[in-house]
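Got your viewer open? Load the model, switch to a cartoon view, and keep the selection box handy.

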Amino acid sequence: MTATTDVLVVGGGSTGTGIARDLAMRGVDVTLVEKGNLTHGTTGRMHGLLHSGGRYAVSDQASAEECIEENRVLRDIAGHCVEETGGQFVQLEGDPDEYFEEKLEGCRECGIPAEVLSAEEAREEEPYLTKDVKRAIRVPDGAVDPFRLCVANAVSAENHGARVETHAEVIDLLGDDERITGAEIRHETGPGKRSHGKSGETEEIRAEYVVNATGAWAGRIGEMAGVDIEVRPSKGVMVVMNCRQVDTVINRCRPKGDADIVVPHETTAILGTTDEEVEDPEDYPEERWEVDLMIDELKRLVPILGEARTVRSFWGVRPLYEPPEVGSSDPTDITRDYFLLDHEERDDLHGLTSIVGGKFTTYRMMAEEISDHVCDQLGVSATCRTAEVPLPGSEDESVLDAGMDRFGLRSPVARRSTQRLGSRADEVLSSVEPNPVLCDCEAVTRAEVRDAIDQSGTDLNAVRIRTRASMGNCQGGFCCHRMASELHPEFDEPQAYAALDDLFEERWKGERHALWGEQLSQAGLNYALHSATMNRDRDPADREEAIAFGEFDGGQRGD
């Protein structure tokens, strides 16, 4: 099987989908391939901070200026993916005054709105802050949903003619020592209703230009091309708490260190993070001490975290890049800036460029720069429009307001549904009757689950990241089977059971690091519900041979 395209983008994270959208909007024929589902890599494993730039205002002012610029752009084009929480850099008694002043001055030099709050003002805004607060700096940090933002970029790319192939892994690059001319990919069946190749089937995609946007995995694509890409993956842990202990992004105002941020996200708070270099972006230890460190350190900022329920934890890998001549030994010293590696210029290899480093907040800017570069190579003169054109779902804020009125502002279910769906709220919420809540923790209704199934088919994990169903306190204990039941009758029983098992397994991966206190009790209850009550560990119906009912009642009811 062979296909052709102008540009082949490898990687379905924020940068890859952003590049596909940008190029497609300029009229370029684009194909994007991703070995897993969208957000499979780093994008799907972040704490959801929309940087104001304050975090880098002392150590890396160029990155800080990029962050505040893109922070404003994303609020404009993707308002339905952003929650304007605001942020505080909190100084505790004993933290250095010099650093606080440097942070404040750095913010102002970088154009980041920064306001000094007294201890009383900071605690008035966030009552659960410790009484040891000395003062704080208020900045325009925010919370962003990386899943919805990435999907919105992919949908926009497709709307402009791009082909997006998930579950399509690059197994080799086409070409020779002088030019890359495409890639050989291997399809997997992949969940969902999207059109996939047969599992194990390979396809050659011939392209005039190939973009390597695989982040921490960029070195592996480089190996296929015979070039060195010095990515230095760095892991970080995120710990999910049971509710929003804070409504503002809380940062510790001190020189760099682990465990210094709390990000409110939907109905939870996410604690982060560590920074430890690893050899393999897919195989590294996930250790309990990292989870303990988050809670022990951050309860100094927000003491109630020490008594709160830890729901789960997960790890992500930063795609850090450092030019080989620098040679930092500490991963926290490696710049968070991004680099465009033109392999024609760098390695005398035509037809291939890599984009490495960077941050989620600046993904659009990275995509614009590499799209400019690719268009130069192809002789395309169209300019970038991604900073002005809203992403799908955020075109008209009045639609969101009208939807909230229609479905009841006082109803948290309607409010959350309309916030998640943006301008599609009316279309989706009026699509089914009745429309009960299937996920009580996250207030997700049947209409949203059905809509996500229409997009994702049997992939209940994709339904999860589109709706947040199963991501609350019970971690799916009371809603996974309700989600699976919505697959019927479009999908048959074995497909529904397989999807349910996949969702159970995914939920368990993050829970196992937080098995103490109330969450251990919840996990025990989930086990009882799923295994003892629903027989999901030994389902008698899960068998190849037919059950001989006649042996049980002498054939009277088996006829």
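What follows is a tour in stops, each with something to select and something to look for.

**Stop 1: the whole chain**

Start zoomed out, and keep in mind that this is a predicted model. The cartoon shows 18 helices and 22 strands. Of the 559 residues, 56% count as buried. Switch on a surface: the chain exposes about 23800 Å², and carbon and sulfur atoms supply 46% of that area. Now think about who touches whom. Among contacts between residues at least 6 apart in sequence, 71% join residues at least 24 apart.

**Stop 2: the largest nonpolar core**

In soluble globular proteins, nonpolar side chains tend to be buried together. To see a case here, select Val90, Val262 and Leu271 and show their side chains. These three have the most contacts inside the largest nonpolar core, a group of 30 residues. Several elements give two or more residues to this core, including strand S5 (87-92), strand S16 (268-272) and strand S18 (310-318). Which element gives the largest share of this core? Select helix H7 (288-298): the largest share, four residues, comes from H7.

Next, center on Val90. Leaving aside neighbours within four places in sequence, Val90 is in contact with residues including Asp95, Leu129, Val133, Ile250, Asn251 and Leu301. Apart from this core lies another one, of 26 residues. Select Ala24, Val164, Tyr338 and Val374, which are among its members.

**Stop 3: strand S14 and its partners**

Select residues 249-252, which make up strand S14. In a regular strand the side chains alternate between the two faces of the sheet. Are the faces of S14 covered or open? Both are covered: Val249 and Asn251 on one side are buried, and so are Ile250 and Arg252 on the other.

Now add the strands that pair with S14. S5 and S14 pair in the parallel sense over four bridges, and Gly87 has Val249 in S14 as its bridge partner. Strand S15 (residues 261-265) runs antiparallel to S14, joined to it by two bridges. For one of these pairs, select Asn251 and its bridge partner in S15, Ile261.

**Stop 4: a three-strand sheet**

Move on to an open sheet of three strands, in the order S3-S8-S4, with antiparallel pairing. Strand S3 (49-50) and strand S4 (82-83) stand at the edges with a single partner strand each, so one side of each has no neighbour in the sheet. Select strand S8 (residues 142-144) together with S4: two bridges join them. Val82 and Val144 make a bridge pair you can pick out here.

**Stop 5: helices H13 and H14**

Select helix H13 (residues 446-456); its buried residues are Ala447, Glu448, Val449, Asp451, Ala452, Ile453 and Ser456. Just after H13 comes Gly457, whose phi is positive, near 65°.

Then select helix H14 (residues 460-467). Seven of its eight residues are buried, so H14 is largely enclosed by the rest of the structure. The buried ones are Leu460, Asn461, Ala462, Val463, Arg464, Ile465 and Thr467. Look at the N-terminal end of H14, where Asp459 acts as a cap: one of its side-chain oxygens lies 3.2 Å from the backbone nitrogen of Asn461.

What follows H14? That is Arg468, with a positive phi near 75° although Arg468 is not a glycine. Arg468 sits in the loop between H14 and H15. Is Arg468 buried or exposed? At 4% relative accessibility, Arg468 counts as buried.

**Stop 6: backbone oddities in loops**

Ala443 also deserves a click: its phi is positive, about 55°, although Ala443 is not a glycine. Find it in the loop between strand S21 (437-439) and strand S22 (444-445). At 10% relative accessibility, Ala443 counts as buried, the cut-off being under 20%.

Finish with two cis peptide bonds. Select Gly272 and Thr273: the bond from one to the other is cis, with omega near -20°. Thr273 lies in the loop between S16 and strand S17 (276-277). Then jump to His488 and Pro489, which are also joined by a cis peptide bond, with omega about 5°. Where does Pro489 lie? Look in the loop between helix H15 (480-485) and helix H16 (493-511).

Terms used. Residues numbered from 1 in each chain as written. Predicted model: local features only at pLDDT ≥ 70, side-chain atom pairs only at ≥ 80, totals over all residues. Heavy atoms only, no water. Core = buried A, V, L, I, M, F, W, Y, C linked by side-chain atoms within 4.5 Å. Buried < 20%, exposed > 50% of the residue type's maximum accessible area, 1.4 Å probe, protein only. Contact = heavy atoms within 4.5 Å. Pairing = 2+ DSSP bridges. Polar contact = N/O pair within 3.5 Å; in protein donor to acceptor, adjacent residues only side chain to side chain. Areas by Shrake-Rupley, 256 points an atom, 1.4 Å probe, with all protein chains shown as cover.
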